[in-house]
Amino acid sequence: MTEVTWEKTAISANRFSGRRRAARRLQFLLAGLLILVASVWLIITGTASGARYFISVDELVSNPQWSGKTVRVSGAVLGPSITWDPDSLTIAFTMAAIPAQFDDLATALHDAVSDPSVTRLEVVVPDQPKPDLLQHEAQAILTGRLGADGVFTASELLLKCPSRFEEAVPDPAIAGHADL
Amino acid sequence: MLAEVGLGALLLAFAAAFYALLAAVGAGLRNRDDWLLSARNAALLTFPLLLCSASALLLALLNGHCQISYVWSVTDPTTPSFYRFTALWGSQQGSLLFWSLLLSLYCFSAILLSWREHRRLMPGVIAVTMATLAFFLALSLLLENPFERFWLAADGTVLRDVFIPAGARAPDLERLAATANGLNPLLRHFGMIIHPPMLYLGFTGFVIPFAFALAALASGDLSAAWIRATRRWTLLAWMFLGLGLLLGGRWAYDVLGWGGYWGWDPVENAALLPWLTGTAFLHSVLIQEKRGMLRLWNMLLVIFAFSAVLFGTFATRSGLIESVHSFARSDIGFPLFAFWSVMTLVALGLTLWRQRQGLLRDERAFAGLLGRESLFVLNNIVFAALFIAIFWGSFGAPLVSEVLLDAPITLGVDYYRQVTPPLFALLFLMMGLAPLAAWGNSSLRRMGAGLRAPLLLTMPLLALLALAGMRTPVALLAYGLVTLAGMVALVEIVRGARARVRAWGEAWPQALRALFSRNRGRYGGYVVHLGVTVIGIGVIGSTLFQAETQRTLARGESLTLQNYELRYEGFSQALASDGRLLRVAAVTLSREGREIATLRPRIDVFPQQPMTIAGIHSSAENDVYVLLTGHSETGARATFRLTINPLINFVWWGGLLLLAGTLIAAWPHGASVAARRQDSALQEAQA
């Protein structure tokens with residue numbers, strides 16, 4: 001049995017003169033170029049409006065150019081300062097600056113909350129249930145703005161507790177019981 | 001014993017892969033068939049050896065051999081068997097071994113299936129696949145060994161080593177087990193048994209088209225042979241990666257407790273990039289097959305697809321990116337980066353060399369804007385633009401700004417929501433137009449005639465949506481484009497079947513069956529288009545019309561959102577058999593005054609961290625997604641977040657269609673040689 005297929009038929013290329021063929025190729029190139037230019041424009045405008053500068057607490061507090069701008073900052077949470085109002089769903093806490101470079105995050109967070117000379121920042125996070133990971137010595141990564149009153153109002157709050165999964169070897173105490 | 005068996009098999013697999021690499025290169029350079037045969041046998045051996053190694057680790061996980069540090073770090077005595085199985089890919093070392101196992105499975109299958117037909121390409125194929133496998137096995141052996149064990153030194157310190165250090169002894173296993181870490185709570189989900197394997201099958205599968213492409217470049221055989229050999233493998237890898245992405249979305253929706261399924265996280269994006277490149281390749285490769293065009297472009301797409309896989313692997317596993325999906329910081333970052341750079345540069349260098357020799361020149365030029373090949377190329381340009389936009393947002397902007405600016409910048413969800421929708425809209429437009437165009441050239445009048453029926457089907461649906469109250473122009477435009485693309489695919493299937501019904505008097509079911517079985521690639525592709533349409537409907541609904549509210553309620557109080565009411569009924573706590581504390585809220589969900597469900601959103605408190613598990617009322621229309629986000633000590637008051645996700649289930653249903661369509665397209669042809677000759681003769685006559 002002969003096979004039946006549904007296929008569109010092409011317009012014969014011979015129907016077009018060389019000049020028309022060149023014009024059609026030009027149309028194709030222009031369409032491609034248009035898509036590329038539009039994409040580049042989208043990427044540039046998207047970057048301009050969506051970029052968030054990731055700065056340290058020290059830079060945010062000391063440099064007035066960041067005041068009122070949407071930025072991302074990271075620091076260590078001081079546990080005793082945490083408050084949460086269940087009716088307004090507002091979190092407030094104090095965050096201590098951590099250095100930009102460190103070998104061990106847990107140590108950096110511990111040093112930051114223990115040293116009273118480290119720069120501190122008052123933080124408010126509105127319309128946010130209290131996350132379980134919001135606790136003493138957690139790392140908070142916040143997106144928001146520093147107000148004229150010196151309080152940082154965050155629209156986004158990310159938390160990390162480095163101690164949770166970093167234990168690479170068992171407690172050495174198992175050695176003491178090995179021969180029991 | 002299991003550690004020794006697993007490690008021995010791993011070592012032998014590395015030796016076999018390395019030997020196969022050397023023998024294949026030698027066979028290619030000296031044209032020695034006996035060396036090639038030896039390389040093939042060694043390459044084939046890697047799969048059973050790695051199966052043995054992975055089985056040893058799996059047995060150790062199932063039986064709690066926690067002297068093996070990997071077993072200790074991902075399980076504990078309370079871990080259920082189900083999660084002991086998923087723990088095989090639950091952390092870096094195990095998942096690297098699993099990755100290598102899947103890679104070797106692909107190599108094993110591709111070499112066996114293509115050995116006779118593509119003998120000339122085999123030295124290159126074996127060399128590239130075995131170089132990749134040997135590299136990943138070296139990472140496992142030297143930096144992330146899954147068979148390292150704990151030992152006690154004479155001074156009581158705990159050591160971690162593959163072999164017993166001098167003067168050390170084995171620790172007490174019971175006490176060791178008592179301190180075991182247990183699996184990361186985020187990975188304790190049914191989806192984790194299938195999401196990572198799918199994703200890894202997708203990632204590793206792209207090594208086969210890459211290897212065939214490099215083999216073609218190295219051998220100078222740049223005919224369509226490498227394309228024929230790899231199209232099905234690419235389809236398979238593309239399908240697995242697509243399913244992996246969808247299942248990852250489902251896992252995030254169920255486990256991460258934020259009400260969404262795609263957060264434009266860099267790790268998610270790293271997996272999306274090769275999928276986008278693969279999709280572009282699957283379209284443009286048709287043009288090379290049918291018209292002998294885009295030879296250079298196809299070569300670049302295959303190279304970039306695998307390069308994106310390696311880059312994604314580097315980004316995810318090096319600790320470069322902070323993400324809920326990424327692995328912990330690891331020493332394998334630099335070697336992975338170096339391997340990615342070398343493989344990409346070698347592939348691009350070979351391509352440039354062959355291009356200069358004129359071996360990648362096209363057989364013909366584009367005839368016009370409305371030809372199918374032109375529309376496919378424009379579609380490829382949009383895919384490339386999406387790739388660049390997502391890569392820039394995830395990696396480019398942060399890295400470039402780190403070097404050039406005072407403060408590094410990050411691009412969040414806002415960036416992607418601004419940049420990607422117009423590009424996706426263009427893709428759907430191309431998806432609707434391209435099937436209506438003929439190869440070579442077409443005219444607006446002819447395409448308009450083809451568009452009439454799909455438009456007639458789309459317009460009433462849009463009118464219904466508008467009558468139902470949807471007046472947002474962006475939403476109507478988005479639904480119009482997506483539905484039109486689906487309708488074109490549907491109408492094309494109906495037209496094909498109708499041609500058979502009219503010509504041969506076949507019944508419709510018989511005509512449809514014959515249509516699909518005789519041209520699986522084309523009609524399987526249309527089913528994939530339908531799947532993507534259904535996914536698009538779900539994404540638009542759940543993105544543009546998502547509604548959310550949150551409040552703290554006392555028992556008996558309620559909150560409302562749209563026409564839903566949520567009433568807080570009570571709170572309870574219980575201890576599960578695996579040690580987690582369950583804090584459960586009972587809520588009643590009503591719609592327009594009628595109770596429709598009782599939901600139990602809860603917080604699972606693991607020793608390591610809590611997890612918020614949503615209570616979901618699911619229907620075709622929407623998901624009502626309830627999270628318990630906080631509570632007082634006694635549960636007298638609790639805070640809930642209520643989210644309505646319209647049409648979200650279309651995303652998962654579309655995934656099933658995508659799976660079905662890809663399987664149809666990739667299924668081997670069963671038609672007889674005579675029937676295929678008849679088809680070819682008819683197509684030539686039609687041309």
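**Reading a predicted model, feature by feature**

Me: I've landed on Asn31(B), in the loop between helix 1 (2-30) and helix 2 (33-62) of chain B. Before I go on, what kind of model is this?

Reply: It's a predicted model, so keep that in mind as we go.

Me: Okay. Is Asn31(B) buried or exposed?

Reply: The thing to look at is relative accessibility, with exposed meaning over 50%. Asn31(B) comes out at 71%, so it counts as exposed.

Me: And what is phi of Asn31(B) near?

Reply: It's near 60°. That's a positive value, and Asn31(B) isn't a glycine.

Me: Where is Leu294(B), which also has a positive phi?

Reply: Leu294(B) sits in the loop between helix 11 (266-291) and helix 12 of chain B. Its phi is about 60°, although it is not a glycine. For accessibility, buried means under 20%. Leu294(B) has a relative accessible area of 8%, so it is buried.

Me: Let's follow helix 12 then. Which residues of the chain does it cover, and where does Ser307(B) fit?

Reply: Helix 12 of chain B runs over residues 295-317, and Ser307(B) lies in it. Because its relative accessible area is 6%, Ser307(B) is buried.

Me: What does Ser307(B) touch?

Reply: Leave out residues up to four places away in sequence, and you get Trp340(B) and Thr344(B). With Thr344(B) there's also a polar contact between the two side chains, at 2.9 Å.

Me: Can I read a strand residue in the same spirit? Where does Thr643(B) lie?

Reply: Sure. Thr643(B) lies in strand 13 of chain B, residues 637-646. Its relative accessibility is 1%, so it counts as buried. Setting aside neighbours within four places in sequence, its contacts are Gln546(B), Ala547(B), Glu548(B), Asp623(B), Val624(B) and Tyr625(B). The side chain of Glu548(B) makes a polar contact with that of Thr643(B), at 3.5 Å.

Me: Now disulfides. What are they, and how many does the structure hold?

Reply: A disulfide is a covalent bond between the sulfur atoms of two cysteines. Over all chains, this structure holds zero. Take Cys107(B), which is in no disulfide. Its nearest cysteine sulfur belongs to Cys52(B), 18 Å away. A pair has to be within 2.5 Å to count.

Me: Is Cys107(B) buried or exposed?

Reply: Cys107(B) has 0% relative accessibility, so it counts as buried. Cys66(B) is at 7%, so it counts as buried too.

Me: How do I describe two packed helices?

Reply: Two packed helices are described by the angle between their axes and the distance between the axes. Try helix 8 (residues 195-205) and helix 10 (residues 225-255) of chain B: their axes come within 7 Å and cross at roughly 145°. The crossing is left-handed. On the helix 8 side, the contact includes His195(B), Met198(B) and Leu199(B). On the helix 10 side, it includes Ala237(B), Phe240(B) and Leu241(B).

Me: And a single helix, say helix 6 of chain B: how many residues does it have, and how far does it reach?

Reply: Compare its reach with what you'd expect at 1.5 Å a residue. Helix 6, residues 122-142, has 21 residues and reaches 29 Å from its first C-alpha to its last, close to the 30 Å expected. It's mostly covered, with 19 of its 21 residues buried.

Me: What about two residues that are far along the chain from each other, like Ser443(B) and Leu512(B)?

Reply: Check both the sequence gap and the C-alpha separation. Those two are 69 residues apart along the chain, and their C-alpha atoms are separated by 29 Å. Ser443(B) itself is in the loop between helix 15 (413-433) and helix 16 (444-467) of chain B. At 18% relative accessibility, Ser443(B) counts as buried.

Me: We've skipped chain A. How many helices and strands are there?

Reply: Chain A has four helices and six strands. Along the sequence the pattern goes α-β-α-β-β-α-β-β-β-α. Of its 180 residues, 39% count as buried. Among its contacts between residues at least 6 apart in sequence, 60% join residues at least 24 apart.

Me: Give me one residue there. Where does Val37(A) lie?

Reply: Val37(A) lies in helix 1 of chain A, residues 18-50. It has 53% relative accessibility, so it counts as exposed. Arg145(A) is 108 residues away along the chain, with 33 Å between the two C-alpha atoms.

How values were computed:
Residues are numbered from 1 along each chain as its sequence is written. Chains are lettered from A and ligands numbered from 1 in the order in which they are written. This is a predicted model: local features need pLDDT of at least 70, side-chain atom pairs count only at pLDDT 80 or more; totals for chains, interfaces and linings use all residues. Side-chain values use heavy atoms; hydrogens and water are left out. Buried means under 20% relative accessible area, exposed over 50%, partly exposed in between (1.4 Å probe, protein chains only). Helices (H or I, at least four residues) and strands (E, at least two) are DSSP runs, numbered from the N terminus. The expected span of a helix is 1.5 Å times one less than its number of residues. A polar contact is a pair of N or O atoms within 3.5 Å; within protein, one must be able to donate a hydrogen and the other to accept it, and residues adjacent in sequence count only if both atoms are side-chain atoms. Contact means heavy atoms within 4.5 Å. Axes are lines fitted to C-alpha atoms, for helices over the stretch in contact, and angles run from 0 to 180 degrees between N-to-C directions. A crossing is left-handed if the near helix is turned anticlockwise from the far one by less than a right angle, and right-handed if clockwise.
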